[in-house]
Amino acid sequence: MSQNDINSKYVEYLNEALSAENAAIDRITSRIGETPLPQIKQRYQQHLEETRMQQDRLSQIITQLGEEPTDSKANLPELKPPSTMMLKKTIKDTIKSVTDDKKDNPLPEEMEFLKIKQDVIIEGSEIVSYEALIEVTKRIPNLNGDQIIPLLKQSLDEEMNMKKWCTDNMPMVVDSLLPKILSAVSR
Ligand SMILES: [Fe+2]
C-alpha cells in the first residue's frame, strides 16, 4: 500500500466527519429558528459558530493532504419513537383533523423535548467520531500528527462542552416544557 493510498483512506475518515459537520450546520440553524427556549437559542448560536470552525479545521487538514473537502451531508442519528407508536399517532391525527380534537396532536413542547434529546445524541455521535479520528490519526504513518491532533482535540473539546451543557440544562428544559405537556394530557 502506497502512502498515497493510505492518505486517501485517512481522508475518507476526515470527510466522513466533515459530512456530519455539514449536516450539523443545517440542523443547528433550524433548531435556532424553532426552539421556544431562549437559553437553547443562545447556546446553539455559539455552537453554530463552533461548528463552522470545526468544518474549517477538517477542510484545512484535508486540503493540506492534497485532497478535496466534501460538501456532502451525512444523515444525523435520529431518535424515533417505535413505528407502532408513530402509526397510532398518525391515525389519531387523521381522526382529530376530522373531529377537531386537539388532544392527540404532538404539542410543540413535545416536539421540542424530542428534538433536544436528539440534539444530545447528535453531539454524542460527534464525540465518538472525533475520538475515533484522533486514534486513527495517531496510527497513520508519516502524517503531521503534531499539527493535526491538536485541531481534532479542539473540536472534540467543543463537542464535549456542548453535550455537557445540554445535559446540565436538562432540568431547565424539563421545567420549561413538561408543565404544558402534562396540562395537555389532562384536558
Ligand atoms: Fe457539535
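**Entry 1. Confidence**

I began with the confidence of this predicted model, element by element. Helix α3 (residues 83-99) has the lowest mean pLDDT among the elements of the protein chain, at 57, and α2 has the highest, at 98. For the protein chain as a whole I noted an average pLDDT of 91, with 87% of the residues scoring at least 70.

**Entry 2. Overall layout**

I then listed the secondary structure. The protein chain holds 6 helices and 0 strands, and the order from the N terminus on is α-α-α-α-α-α. I looked up the burial next: of the 187 residues in the protein chain, 21% are buried. I also checked how the contacts are spread along the sequence. Taking contacts in the protein chain with a separation of 6 or more, 76% join residues 24 or more positions apart.

**Entry 3. The largest nonpolar core**

Which residues have the most contacts inside the largest nonpolar core? I found Leu-14, Ala-17 and Leu-58, in a core of 18 residues. Two or more residues of this core come from each of α1 (3-34), α2 (38-64), α4 (108-139) and α5 (145-168). Helix α1 supplies the largest share of the core, 8 residues.

I followed Ala-17 further. Leaving aside neighbours within four places in sequence, Ala-17 is in contact with Leu-58, Ser-129, Tyr-130 and Leu-133.

**Entry 4. Helix α2**

I turned to α2, the element with the highest mean pLDDT. Its 27 residues reach 39 Å from the first C-alpha to the last, close to the 39 Å expected at 1.5 Å a residue. I recorded its buried residues as Ile-40, Tyr-44, His-47, Thr-51, Gln-54, Leu-58 and Ile-61. For the spacing of such a list I kept a general point in mind: an α-helix has 3.6 residues a turn, so residues three or four places apart point the same way. The buried residues of α2 pack against α1 and α5. Just after α2, I found Gly-66 with a positive phi of about 80°.

**Entry 5. Asn-142**

I looked up a second positive phi, this one at a residue that is not a glycine: Asn-142, at about 60°. Asn-142 is found in the loop between α4 and α5. Is Asn-142 buried or exposed? I counted 8 other C-beta atoms within 10 Å, so Asn-142 is exposed.

**Entry 6. Glu-112**

I next examined Glu-112, which is found in helix α4. Glu-112 has 21 other C-beta atoms within 10 Å and is therefore buried. Apart from neighbours within four places in sequence, the contacts of Glu-112 are with Thr-35, Pro-36 and Leu-177. I also took the distance to Val-173: the C-alpha atoms of Glu-112 and Val-173 are separated by 9.3 Å, with the two residues 61 apart along the chain.

**Entry 7. Helix α6**

The contact of Glu-112 with Leu-177 led me to α6. Helix α6 (residues 170-185) has 16 residues and reaches 22 Å from its first C-alpha to its last, close to the 22 Å expected at 1.5 Å a residue. Where does α6 bend? I located a bend of about 35° at Leu-177, with a proline, Pro-179, following within four residues. Finally I checked the burial of α6: of its 16 residues the number buried is 1, so α6 lies largely in the open.

How values were computed:
Residues are numbered from 1 along each chain as its sequence is written. This is a predicted model: local features need pLDDT of at least 70, side-chain atom pairs count only at pLDDT 80 or more; totals for chains, interfaces and linings use all residues. A nonpolar core is a set of buried Ala, Val, Leu, Ile, Met, Phe, Trp, Tyr and Cys residues joined through C-beta atoms within 7 Å. A residue is buried if 20 or more other C-beta atoms lie within 10 Å of its own, exposed if 12 or fewer, and partly exposed in between; C-beta atoms are placed from the backbone. Two residues are in contact if their C-beta atoms, placed from the backbone, lie within 7 Å. The expected span of a helix is 1.5 Å times one less than its number of residues. The bend at a residue is the angle between axes fitted to the seven residues ending there and the seven starting there. pLDDT is the predictor's confidence in each residue, from 0 to 100.
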